[in-house]
Amino acid sequence: MYLESYGNETQIFAKSGQYKAFNLVPRAISVKDRDNLFELVYPVAQSAFGQSHSEMFANDVKAHALDHSEILVVQDANRKTIAFRIWDIFTEYKKPIIYLAGMCVSVEYQKGGLGQAMIQKAIDLVSQSHPDWGYVALRTQNWAMQKSIETIAKQSGVYQKFGDQNIDIDIQGAAKVVAERNHDIYFNQENLVSRRIYGSCLYGTSKNFQDGFLGLNVDEGDAAYCVWRR
């Protein structure tokens, strides 16, 4: 599959180096090419989550990775897909919300700054079509994901997350929009948390993923919301 034929080519600059990336709209390509796109990103998801192949995991990745507004696919110098980031844009709130729906980085490329670089690239791409965006939100079990967005958010605006004592009303509202769009019936608006939404840890073993989220039970499937107001 030649991504150049479907996606806007761009560059990702991370601590670990410079990478070629492609921005695609999965819903705008054929069923066959959606399948080809899945074949590119599935091994990355397996690596990132430490999962062996199963029909359940494959179906979950296919549904999750290809059912959002946009996807950024990152490749190394050998054209091997090593990371991807997916997101949605919700426009029904005060200002558009960029929902960071998911991200995976192959194990061998983790801790090289790709996660943060892909978040920044997604924001830059959305800024071209929605320059008035006002919020960036994500739902996660992973403290490292929280740190990635926090690093960008602390440069301007207000950043709040599960665990903070006082959550601004409009940030609660932005998180509520995200929860409603995701049919998250477990969402607690006041505390920015969903209890037992996943049923277990998405990473197979919790390890130290949740250490920074005090009061978040990742093994039980809890997930934290994090929101940045620009």
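This text walks through a predicted model, taking its helices, its core and a few single residues in turn.

Helix H1 covers residues 31-49. Its 19 residues reach 26 Å from the first C-alpha to the last, close to the 27 Å expected at 1.5 Å a residue. The helix is nevertheless bent: at Val 41 there is a bend of about 30°, and Pro 43 follows within four residues. Val 41 is also one of the buried residues of H1. Others in that group include Asp 33, Leu 37, Phe 38, Tyr 42, Val 44 and Ala 45, as well as Gln 46, Ala 48 and Phe 49. The cover over these buried residues includes helix H2 (55-66) and three strands, S3 (70-75), S4 (81-90) and S5 (97-105). After H1 comes Gly 50, with a positive phi near 65°.

One residue of H1 can be looked at singly. Arg 34 sits in this helix and has a relative accessible area of 24%, so it counts as partly exposed, the class between under 20% for buried and over 50% for exposed. Beyond residues up to four places away in sequence, Arg 34 touches Pro 26, Arg 27, Ile 29 and Leu 66. Leu 66 belongs to the buried set of H2. Arg 34 and Ile 171 are 137 residues apart along the chain, and their C-alpha atoms are separated by 34 Å.

H2 has 12 residues, which should span 16 Å at 1.5 Å a residue; the end C-alpha atoms are 16 Å apart, in agreement. Its buried residues are Phe 57, Ala 58, Val 61, Ala 65 and Leu 66. Seen down the helix axis, the buried residues of H2 fall within an arc of 125°, and therefore they line one face of the helix. They pack against H1, S3 and S4. Glu 55 and Met 56, on the other side of H2, are exposed.

Helix H5 runs from residue 169 to residue 181. Its 13 residues should span 18 Å at 1.5 Å a residue, and the end C-alpha atoms are 19 Å apart, which agrees. Which residues of H5 are buried? They are Asp 170, Ile 171, Gln 172, Gly 173, Ala 174, Ala 175, Val 177, Val 178 and Ala 179. The elements covering them include S4 and S5, together with strands S6 (135-140), S7 (158-161), S8 (187-188) and S10 (223-229). H5 is followed by His 183, where phi is positive, near 55°.

From the helices we turn to the core. The largest nonpolar core has 79 residues. Those with the most contacts inside it are Ile 12, Val 74, Phe 84, Ile 97, Leu 100 and Leu 114. Ile 97 shows what such a position touches: with its neighbours within four places in sequence left aside, it is in contact with Asp 88, Ile 89, Phe 90, Tyr 135, Ala 137, Ala 174, Val 177 and Val 178. Ala 174, Val 177 and Val 178 are among the buried residues of H5.

Two cysteines are worth a look. Cys 104 is buried because its relative accessible area, 4%, is under 20%. Cys 226, at 0% relative accessibility, counts as buried too. How many disulfides does the structure hold? The number is 0.

The loop between S5 and H3 (114-129) contains Gly 113. Gly 113 is partly exposed, with a relative accessible area of 22%. Apart from its neighbours within four places in sequence, Gly 113 is in contact with Ala 14 and Lys 15. Its C-alpha atom is separated by 18 Å from that of Leu 125, which lies 12 residues away along the chain.

Lys 111 also lies in the loop between S5 and H3. This residue is not a glycine, yet its phi is positive, about 65°. Its relative accessibility is 86%, so Lys 111 counts as exposed. Arg 196, another residue other than glycine, has a positive phi near 60°. It is placed in the loop between strand S9 (193-194) and S10. Arg 196 has a relative accessible area of 56% and is exposed because this value is over 50%.

Note on methods: Residues numbered from 1 in each chain as written. Predicted model: local features only at pLDDT ≥ 70, side-chain atom pairs only at ≥ 80, totals over all residues. Heavy atoms only, no water. Helix = DSSP H or I, 4+ residues; strand = E, 2+ residues; numbered from the N terminus. Expected span 1.5 Å × (residues − 1). Bend = angle between axes of the 7 residues up to and from the residue. Buried < 20%, exposed > 50% of the residue type's maximum accessible area, 1.4 Å probe, protein only. Contact = heavy atoms within 4.5 Å. Core = buried A, V, L, I, M, F, W, Y, C linked by side-chain atoms within 4.5 Å. Disulfide = S-S within 2.5 Å. Arc of directions from axis to C-beta.
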